[in-house]
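Welcome, and please take a first look at the chain shown here. We will walk through it together, beginning with one helix and then widening the view.

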Amino acid sequence: MKFSPTLAALAALPTTSATIYFAGVAQSSGEFGAWSPTQTRGTGLPGRFGVDYAFISTSGVDTMIDSHKVNLHRVAFLLERMCPLSYGLGAKFNETHFEHFKEAIDYITITKGAYAILDPHNYMRYNDPSSQPFSGSVIGNTSDPTAATTAQFAAFWGELASRFKTNEKVLFGLMNEPHSMPSRLVFSNLQAAITAIRATGANNMILTPGNAWSGGHYWTKGGDEANSKWIHKLVDPIKNLAVDIHEYLDEDFSGGHTACTQDPVANLAGVTGWLREHGLKGFVTEFGGSNTTECKLMLEGMLGYMEENEEYIGWTAWAAGPFWGVNSPCCTDQRQLGSLEPGSRAADGGPGLYDSVWVPVIAKRVPGRLQWDGPANVTGGVVRERV
């Protein structure tokens, strides 16, 4: 495979940053335990904390923050556990589940002094995570009598925001990867959530996804359904809203394949220009590649690209998490090569993606100076070295 001079040059950039305030890793295990090979509804719900799912490993978080100096973790959870089906989506929570989640967020933000993104990992769906990302009723779909409503989604976010609004190190990720639905409905759900959050008095940074899996490569495509036609119209009265972008490097942008064939620098050009046009800031909260030479070069180029374009203020790599074991979160054609979780091993006992991708590639691009103090804001904060 041949690479453009742009990628090669970007890969050689120094590891300093004038625009990246937040850098870290996605913590994926809180959404585990609900998938069913037979698509059986209700599988793993509510689930057993520490057995079927968990949010973080404190030792893994320690390694990422203390050894690799990251200041951000994106922590996934399921709506169906926070708001059980017997309640429905809304302001009534399973308080035991919420306390487990809050304990993880408090550990990251209070004990370790880093920042955390709350990540409802539901693809803008609710009521059946047994075959996600495709199962469940689309939130706000008025033609589906089983679907949660836009108002219920707003009520959920109003309640969650009210519980975390005093923690300035918490960022609100509105939804993971909406897809296969009208962009007008995505917009309506997102705006309702933003309005509900701000009505609580919360000033926390909000991260808004787009439709079509929030893919950066597709942001300006799709005609009237394109994210570029909708997302800039969202109104945040305090203007502390950033755009949540995902970008994988394999042939179909799914993060499922070992080979990296999609140049992220070229594929992010459209969304970068759109961010610049509308004066918006972006977070790439999911990206990844396998341990091939080609992938490593592309990952370095992508991280360098974000450093050099002021439209980007943060990123989290996909993914660490205590329940991956030898399985891989992305980019391996289902081979068991481990994850980005510190200490991860492959099924054959060899090094996992933590040792083969995170340590030699991604960790080296964590800026030496990041924001460690004060509220997360799209205008940035004071950066310093981790002490």
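A residue is called buried when its relative accessible area is under 20%, exposed when that value is over 50%, and partly exposed in between, using a 1.4 Å probe and protein chains only. What you see is a predicted model, in which local features need pLDDT of at least 70 and side-chain atom pairs count only at pLDDT 80 or more, while totals for chains, interfaces and linings use all residues. Residues are numbered from 1 along each chain as its sequence is written, and side-chain values use heavy atoms, with hydrogens and water left out.

Let us start with helix H6, which covers residues 183–199. Helices here are DSSP runs of H or I with at least four residues, strands are runs of E with at least two, and both are numbered from the N terminus. The expected span of a helix is 1.5 Å times one less than its number of residues. For the 17 residues of H6 this gives 24 Å, and the end C-alpha atoms are 24 Å apart, so the two agree.

How many of the 17 residues of H6 are buried? Twelve are, so the helix is mostly covered. Among them are Ser183, Leu185, Phe187, Asn189, Gln191 and Arg198. These buried residues of H6 pack against helix H5 (150–164) and against four strands: S5 (137–138), S6 (170–173), S7 (206–208) and S8 (241–248). Contact here means heavy atoms within 4.5 Å. After H6 comes Gly201, with a positive phi near 90 degrees.

Now step back to the whole chain. Its secondary structure comes to ten helices and twelve strands. The radius of gyration is 19 Å, close to the 21 Å that the globule rule gives for 387 residues, so the chain is as compact as a globular protein of that length. That radius is taken over C-alpha atoms, and the rule is 2.2 Å times the number of residues to the power 0.38. Along its principal axes, the C-alpha trace spans about 50 × 50 × 40 Å. Of the 387 residues, 60% count as buried. Among contacts between residues at least 6 apart in sequence, 73% join residues at least 24 apart.

Some details of the backbone are worth finding next. In the loop between strand S4 (125–126) and S5 sits Pro133, and the peptide bond leading to Pro133 from Gln132 is cis, with omega near 20 degrees. That loop between S4 and S5 also holds Asn127, which is not a glycine yet has a positive phi of about 115 degrees. Asn127 counts as buried because its relative accessibility is 7%. Another cis peptide bond joins Trp318 and Ala319, with omega about -5 degrees; Ala319 belongs to strand S10, residues 312–320.

Glu177, in the loop between S6 and H6, also has a positive phi, near 50 degrees, without being a glycine. At 10% relative accessibility, Glu177 counts as buried.

Our last stop is Ala363, in the loop between helix H10 (353–362) and strand S11 (370–371). Is Ala363 buried or exposed? Its relative accessibility is 16%, so Ala363 counts as buried. Leaving aside neighbours within four places in sequence, Ala363 is in contact with His68 and Trp358. Ile231, by comparison, is 132 residues from Ala363 in sequence and 31 Å from it in space, C-alpha to C-alpha.
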